[in-house]
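Me: I'm new to this structure and would like a close look at one part of it, namely chain C. Could you walk me through that chain, and then show me how the rest fits around it?

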Amino acid sequence: MGHDHPQYIGHTKTYVVIWLLLLGLTGITITVAGMHLGAFSMLASLLIASIKASLVLWFFMHLKYEEKLFKYMFLIPVATLTVVIALTFSDIWYR
Amino acid sequence: MKHRDYIGAKLGMWLFLFTEILLFGGLFLLYAVYRSVYSREFHLAALGLSTTLGAINTIVLLTSSLTMALSIAVLRQGNKNASIACQAITIVLGLAFLVNKYFEWSGHIHEGIYPDSPALLSRSHGEILFYGLYYVMTGLHGIHVIIGMVAIAIMASLTYRGAVSAENFNKLENTGLYWHLVDVIWIYLFPLFYLIT
Amino acid sequence: MDNNFYNTPGNYPGMFGWIFSTDHKRIGLLYLGSIFTFFLCGMTLGLAMRLELIAPGTHFVTAQTYNALFTVHGVIMIFLFIIPGIPATLGNFMLPLQLGARDVAFPRLNLMSWWFYIAGAAIVLFSLFSGGGPPDTGWTFYVPYSVRSGTNVSVAVFGVFLLGISSTLTGLNFITTIHRLRAPGMTWFRMPLFVWSLYATAWVQLLATPVIAITLLLLIVERSFGVGFFDPAKGGDPIMFEHLFWIYSHPAVYIMILPAMGAVTEIIPVFSRRVIYGYKAIAFSSLAIALFGYLVWGHHMFTSGMSDESRMIFSLLTFLVAVPSGIKIFNWLASMYKGSIQLDSPMLFTLSFIFLFSIGGLTGLVQGALATNVHVHGTYFIVAHFHYVMFGGTVFAFFAALHYWYPKMFGRMMNEKLARVYWSFLFIGFNTLYFPMFVLGWQGMPRRYYDYLPKYHTGHLISTIGSWVLATGVLLMFFNFFRSLSRGKQAGDNPWGGATLEWQTSSPPPAENFEKIPEVTKGPYTFR
C-alpha cells in the first residue's frame with residue numbers, strides 16, 4: 001500500500017534524554033519514600049510513577065506523534081479502570 | 001486481497017495493550033483495596049523486600065525501553081545491524097531482570113515466605129495478603145517479560161532476514177509497544193511494593 | 001449463483017478449507033454451527049432440570065447432579081452460546097459486507113478467535129468427564145465454595161478463560177475494522193445501526209473481558225496455592241471476588257443485548273418500509289449503554305454485605321442505565337408508526353423481542369430498587385428476569401436476524417408458513433415456561449434448588465410443560481433451517497428490499513464480497 005509513514009524525524013537524542021529523566025525520577029521517588037510524608041507518601045509515589053509512565057507513553061511509545069484518535073482512545077481504559085476502582089471503594093471505605 | 005494498513009496494525013496493537021491494562025488493573029484493584037484496609041501491615045511486610053534490588057530492576061527495565069526504542073529509530077535510519085544489536089541488548093536486559101527476580105523469589109522462599117506456607121500464615125493478615133499480591137503480580141509481570149523477550153527474539157531474526165526493515169518496521173514497532181507497556185506496569189509495581197513507608 | 005464463497009476453493013482442500021479459512025463469511029458460519037450445537041446441549045440440560053422439577057421430591061437426578069446441571073447449563077449458555085452469539089456469527093458474516101469491505105481488519109486473528117473458542121469449549125466439556133466431575137458451584141463460581149469444591153472447577157474455569165480470549169480478540173478485530181475499513185463515502189453517521197451496536201459491543205468485549213480473565217486466573221491460583229485473596233482466614237474478602245466477577249459479568253450482558261438491539265434496528269425499517277426514527281439517538285444510546293453498563297455491577301451484590309452508600313449509588317446508576325434502552329424502544333415504535341408493516345418471520349420475531357425484552361427490562365427495575373431486591377434476590381424472580389432479557393430478548397432477536405439474513409448467507413428463503421408455526425410454539429412455550437417463575441419467585445421459591453415445598457408445585461408444573469412446547473419450537477426451527485438449505489426457494493440479491501450494502505451483492509456473496517467496492521453517498525435506511 002506504499003508509504004503511509006510520515007517523513008521520519010530522528011528521535012535518538014530525545015530517547016536518551018527521556019531515559020535520563022526517567023532515571024532521575026526513579027531517584028527522586030526513592031528519596032521521597034524515605035521522607036516522612038504520612039498519608040501523602042502514597043500519593044507522591046503514584047504521582048511520580050504516573051509522570052514516568054507518561055514519559056514512556058508519550059515518547060517511547062510515540063503517543064506524542066500519533067493521530068488524535070490514539071491519544072483519545074488511550075483515555076478509555078484509564079477512565080474505565082478509574083471508575084471501577086472508585087465504585088469499589090464506595091463499598092470498601094464505607095463498610 | 002493483500003494490503004498493508006500500517007495505522008490499522010498499530011491501532012490493533014494499542015487495543016491489545018488496553019486489554020493488558022485491564023488485566024493487571026484487576027490486580028491493582030485488589031492491591032488498592034487491601035492496602036487501604038491493612039496499611040500498617042503492608043508497610044511492615046514491605047520491609048522484607050530489598051529496595052536496592054527493586055531499584056536495580058527498575059533501572060534495568062527503563063534502560064531496556066531505551067534500547068527497544070533505539071532499535072526502531074536506528075532501523076528507520078537504515079542501520080540494520082545496530083537495530084539487531086539494540087534488540088539483543090533489550091533481550092539481555094530482560095534476562096537480567098528475570099535473574100534478579102529469581103534471586104529475590106528464592107530468597108523469600110528460602111526464608112519460608114510463600115503462599116500458604118506456615119511461616120507466612122503465622123504472620124498478620126495484611127502481611128499474608130501483601131506477599132500474595134507480591135507473588136501474583138510480579139509473577140504475572142514476569143510471564144509478560146518472558147513473552148516479550150521471545151517476541152523480540154523473533155523480531156531480531158526477522159530483521160536479520162530483512163522481513164523487518166526500514167520500509168516495513170511496524171511489527172518491530174508493535175513489539176516495542178508491548179515491551180514498553182511491560183515497563184510501565186513495573187513503573188507502578190516498584191513503588192507499590194518496594195517503597196511503602 | 002455460481003460465483004459465491006462456497007464454490008471458491010479455500011487455501012486447503014475440503015474440510016480444511018473451512019476450518020483454516022480466513023474468510024469472515026466462512027468463519028461466521030463455523031461459529032454458527034458451533035454455537036447452535038452448544039445451544040442444543042445447553043437446552044438439553046435445561047430440559048433435564050425442568051424434568052427433575054416437575055413435582056416435589058427427587059425423581060431422576062441426585063442433588064449433586066442437579067447442582068452440576070444448573071452450573072453447566074449456565075456456563076454453556078452464557079460462555080459458549082450467548083456471549084459469542086450474534087457478534088461471532090452474524091457480526092462476522094455481515095460486518096464487512098455492511099461496511100463495503102472485503103474482510104475484517106485482521107482475518108488471521110479472526111480465525112484464531114474461532115480456534116480459541118473451540119479450544120475453550122473442548123476444555124469446558126472435558127471438565128465434565130474428568131477429575132472430580134462437572135463443577136457444581138453455579139456459573140458464578142462464588143468463593144468460598146468454588147475454592148473448596150472437589151469438582152473440576154479449575155479445568156472448567158480455564159476453558160472459560162480461553163473463551164474470554166476469543167471474545168476479546170473479536171472485539172479488537174471489530175473496532176479496528178470499523179475504524180479502518182469503511183467504504184469510500186461511508187462516514188460514521190452513514191453506517192448501519194447494526195454496525196454501531198457491534199462497535200459499542202466490541203469496546204465492552206475488549207475492556208471487560210480481561211477482568212474476568214484475571215478473576216478466573218486468581219480462582220485457579222487460589223485453588224492451587226491458597227494465596228488468600230478471598231479467604232477471611234488469611235485476611236481476604238470474599239466480596240472482592242464478587243466485585244471482580246461482576247465487573248465483567250454485568251457488562252457481559254450488554255455484550256449480549258447490544259448486537260441484538262442492533263439487529264432489530266436493521267429489521268424494523270425494512271419491514272415497516274420507513275426510515276429509522278432517530279438514527280443518532282439509537283447510535284448514541286448504544287454507546288451510552290456500553291458506558292453505563294460498567295457502572296452498575298453492584299446490583300448483583302445488594303445482599304452480599306456491601307456498604308449502604310455503595311448500594312444506593314449502584315441502585316441509582318442501575319435506574320439510569322435503563323434510560324438509553326427505553327430510548328431505543330421508543331425509537332423502534334416510532335419507526336413503525338404509519339409504516340407499511342410486513343409481518344414476515346423476521347418482523348414477527350422482532351415484535352416479540354420488543355414485547356419480551358420490555359417485560360424483562362421492567363422487572364429489572366424491581367430488582368434494581370434496594371428494598372424489593374432483598375425480597376427477590378436469589379429467587380425464581382431473578383431467573384425469570386434474566387431469561388426474559390437474555391432469551392426473550394437476545395435469543396429471539398438472534399432468531400429474527402437469522403431469518404432476516406438467511407437468504408444472504410445461503411441464497412435460499414426459509415419456509416414462511418412453517419416459521420409462523422414454530423414462532424407460536426416458541427412464543428407460547430417461552431411465556432409458559434418463564435412467566436410462572438416471576439410468581440414463584442415472588443412467593444419465595446429460591447433458585448438453584450433441586451426440590452421445593454408442595455405449595456410451589458403448580459407453578460413448576462406449568463413451567464415444565466412450557467419447556468416442552470418451547471423445545472418443540474426450537475426443533476422445528478432447526479428443521480426449517482436445515483431443510484431450506486436445499487429445498488428453500490432461491491433468493492435473489494435483495495428479497496426483503498433492504499437498503500444496507502450487504503443487499504447490493506449476490507446471495508450468497510462472492511468470496512471477495514463485492515465485484516467492485518461500492519461508493520456510498522447516502523444513509524443506510526433510505527428506501528425511496
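What follows is a walk through chain C, and then a shorter visit to its partners.

Reply: Happy to. One thing to keep in mind from the start is that this is a predicted model, and the numbers below are computed from it.

Let's begin with the overall build of chain C. It has 16 helices and 0 strands, so to speak a helices-and-loops affair. Along its principal axes, the C-alpha trace spans about 65 × 45 × 45 Å. How does the radius of gyration of chain C sit beside that of a compact globule? For 528 residues, such a globule would come out near 24 Å, and chain C has 23 Å, so the two agree. As for burial, 58% of the 528 residues in chain C count as buried. The contacts tell you something about how the chain folds back on itself: take those between residues at least 6 apart in sequence, and 83% of them join residues at least 24 apart.

Now zoom in on a pair of helices. Helix α5 of chain C covers residues 107-129, helix α7 of chain C covers residues 153-180, and their axes come within 7 Å of each other. Which way do the two run relative to one another, parallel or antiparallel? Their axes cross at roughly 165°. Angles over 145 degrees count as roughly antiparallel, and α5(C) and α7(C) are therefore roughly antiparallel to each other. The contact between α5(C) and α7(C) is made up of 17 nonpolar and 8 polar residues, with no charged ones. The crossing of these two helices is also left-handed.

Between the helices, a few spots in the backbone of chain C are worth a stop. Start with the prolines. The peptide bond leading from Val143(C) into Pro144(C) is cis, its omega being near 0°. Pro144(C) sits in the loop between α5 and α6 (145-148) of chain C. Further along, Ser507(C) and Pro508(C) are joined by a cis peptide bond too, here with an omega of about -10°. To find Pro508(C), look in the segment after α16 (457-487) of chain C.

Next come two arginines. Arg273(C) is not a glycine, yet it has a positive phi of about 55°. You'll find Arg273(C) in the loop between α9 (238-272) and α10 (279-292) of chain C. Is Arg273(C) buried or exposed? Somewhere in between: it has 13 C-beta neighbours inside 10 Å, so it counts as partly exposed. Arg448(C) also has a positive phi, near 65°, without being a glycine. Its home is the loop between α15 (416-442) and α16 of chain C. With 16 other C-beta atoms within 10 Å, Arg448(C) is partly exposed.

So much for chain C by itself; now for its surroundings. Chain C meets chain A in a contact that takes 12 residues from chain C and 10 residues from chain A. On the chain A side, those residues sort into 5 nonpolar, 3 polar and 2 charged.

Chain A also touches chain B. There, 37 residues of chain B are in contact with 34 residues of chain A. Three helices of chain B, namely α1 (6-37), α3 (51-76) and α7 (170-194), each supply at least two residues of the side that touches chain A. By class, this side of chain B holds 23 nonpolar, 10 polar and 4 charged residues.

What does chain B look like in itself? It has 7 helices and 0 strands, and read along the sequence the pattern is α-α-α-α-α-α-α. Its C-alpha atoms fill a box of roughly 60 × 30 × 25 Å along the principal axes. Of its 197 residues, 51% count as buried. Among contacts in chain B with a separation of 6 or more, residues 24 or more positions apart account for 78%.

One residue in chain B gives you a handy example of such a link. Ala9(B) lies in helix α1 of chain B, and with 17 other C-beta atoms within 10 Å it is partly exposed. Which residues does Ala9(B) touch, leaving aside its neighbours within four places in sequence? They are Asn170(B) and Asn174(B). Ala9(B) and Asn174(B) are 165 residues apart along the chain, while their C-alpha atoms are separated by 8.2 Å.

Note on methods
Residues are numbered from 1 along each chain as its sequence is written. Chains are lettered from A and ligands numbered from 1 in the order in which they are written. This is a predicted model: local features need pLDDT of at least 70, side-chain atom pairs count only at pLDDT 80 or more; totals for chains, interfaces and linings use all residues. Helices (H or I, at least four residues) and strands (E, at least two) are DSSP runs, numbered from the N terminus. The radius of gyration is taken over C-alpha atoms; the globule rule is 2.2 Å times the number of residues to the power 0.38. A residue is buried if 20 or more other C-beta atoms lie within 10 Å of its own, exposed if 12 or fewer, and partly exposed in between; C-beta atoms are placed from the backbone. Two residues are in contact if their C-beta atoms, placed from the backbone, lie within 7 Å. Ala, Val, Leu, Ile, Met, Phe, Trp, Tyr, Cys and Pro count as nonpolar, Asp, Glu, Lys and Arg as charged, and the others, Gly among them, as polar. Axes are lines fitted to C-alpha atoms, for helices over the stretch in contact, and angles run from 0 to 180 degrees between N-to-C directions. Angles under 35 degrees count as roughly parallel, over 145 as roughly antiparallel, 65 to 115 as roughly perpendicular and the rest as oblique. A crossing is left-handed if the near helix is turned anticlockwise from the far one by less than a right angle, and right-handed if clockwise.
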